[in-house]
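Colleague: I am new to this structure and would like a close look at one part of it. Could you take me through the charged side chains and what surrounds them?

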Amino acid sequence: GDILDDYLRTDGVWILTRNKQFYKTNNEKECAEKCEAERNFNCRAFLFTRKKLQCLTLAENAKMTVTFNSTDAVLYEKRIYLLQCKRGIGKDYRGMEAKTWRGIPCQKWAEKTPHNPNYTPEKHPSAGLEENYCRNPDGDESGPWCYTTDPATRFDYCNIPECEGQCMQCNGEDYHGEVSRTESGLECQRWDAQEPHMHGFTLKHFPGKDLKVNYCRNPDGELRPWCFTTSPTKRWEYCDIPRCTTQPPVSGLGSQCLSGKGEGYRGRIAITESGNACQHWNAQFPHRHGWIPDRYPCKGLEENYCRNPDGEKRPWCYTLNSSVRWEYCAIPHCDGTEQEIAGMSYMPGQIPLSEECYRDKGQSYRGTTSITASGKKCQAWNSMFPHRHEKTPDRFPNADLRDNYCRNPDGDSSPWCFTTDPSVTWEYCNLKRCDDHTQE
């Protein structure tokens, strides 16, 4: 086949990289041949400029560095380096997984501690032994592996999902296929276009979501990949992408303590920090909600354990207290320190009025309250789930639409937000007006 079939093409994009080589070529095919023959580094992509007929071979692709618009440039990325799954035993796997199935970080292939390796970049230059990424240089039947950083475990296998062509794992957040029609057959609108539908899902605001061409994607945690359509009468629609037949990848044993925002927490704490028992995720009483385990198979929504399926500040749950819809949970930090609540010493919903109040209509309010007057959690402004809307950070750049904090971008009577309750689009926030006599 054509040499360019092994590359993913993106028009009008330039990527910033220090490790590159310049060549003069007549066309993209010649540039691809330069990339294949590159000996100064491992060529993952190349840029071709039509006017100057200039070819740049690159050690990095768009997953690894910064991108920006450049009208005359065409970016070609080697598909093998974009795959985060393995074909067969994964001998050609070139993804960036760097830990074993148990979660132990991999040792760098070029290092000699804690284990002296038999497989090194010098001995096996074509095996892709870069950094500490999982690889299969010896054709092991069990798939990609690595030497580990645990002195007691010389090597172990990595948990790399199987590639199954145009299928999706979980809710398709990592789907990178090329389906570009919706389930009713409508053609998708390009992500870099604002016609016929204006939107905030751009590469600039969602750099890691692979919003290329007009391919179906799931950048906002929807049920499955979707796209804006080219029909003026249908803003968006889901795409018909089948689920992979293999099981979703298991993330080791899951974390039993709080690391980062706790999205990987899989412990069994099932009580909130104020002592309320958690509601089961598959129950709709006392609180109705959209986080149904069958819909989100990779979020760990088991029993009534505290989880963070939506990128909140830390794990939380709906409570069995009918007057308290949800609360954060007290999860011990992985480093052993006491849990700290980002500068807050109060419970969700309990607002210290000296700090959390607004003046006039609250258009200047820049606090961090994210609870509505009825106790519902706010939806993030750059999210379209569960409610699609036009109040995006790029359309209201001066309104400070960060995270899911209460704001008043449209001159309403007081700060408000969209809610995470699918049945309630928006509500005013649990905020009091500042006493005008209080010293600023």
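**Charged side chains, paired and unpaired**

Modeller: In this predicted model, the structure holds 25 salt bridges, and a few of them can be followed residue by residue. Arg-235 and Glu-390 meet through their side chains in a salt bridge, at 3.5 Å from N to O. Because Arg-235 sits in the loop between strand S8 (226–228) and strand S9 (236–238), while Glu-390 belongs to the loop between S12 and S13, this pair ties together parts that are 155 residues apart in sequence. Both partners are partly exposed, Arg-235 with 21% relative accessibility and Glu-390 with a relative accessible area of 33%. Elsewhere, salt bridges with shared partners join Glu-77, Asp-210, Lys-212 and Arg-217 into one network.

Another pair is Asp-11 with Arg-9, whose side chains form a salt bridge of 2.9 Å, N to O; Asp-11 is partly exposed at 37% relative accessibility, and Arg-9 is partly exposed with a relative accessible area of 37%.

Lys-376 offers a case without such a partner. This residue is found in the loop between strand S12 (357–358) and strand S13 (416–418), and Lys-376 is buried yet has no salt bridge. Its nearest side chain of opposite charge, Asp-421, is 4.1 Å away, which means that the pair falls outside the 4 Å limit for a salt bridge. The side chain of Lys-376 does, however, make a polar contact with the side chain of Ser-374, at 3.3 Å. Leaving out residues up to four places away in sequence, Lys-376 touches several others, including Arg-325, Trp-326, Ile-371, Asp-421 and Glu-427.

Key. Residues numbered from 1 in each chain as written. Predicted model: local features only at pLDDT ≥ 70, side-chain atom pairs only at ≥ 80, totals over all residues. Heavy atoms only, no water. Helix = DSSP H or I, 4+ residues; strand = E, 2+ residues; numbered from the N terminus. Buried < 20%, exposed > 50% of the residue type's maximum accessible area, 1.4 Å probe, protein only. Lys, Arg positive; Asp, Glu negative; His and termini not counted. Polar contact = N/O pair within 3.5 Å; in protein donor to acceptor, adjacent residues only side chain to side chain. Contact = heavy atoms within 4.5 Å.
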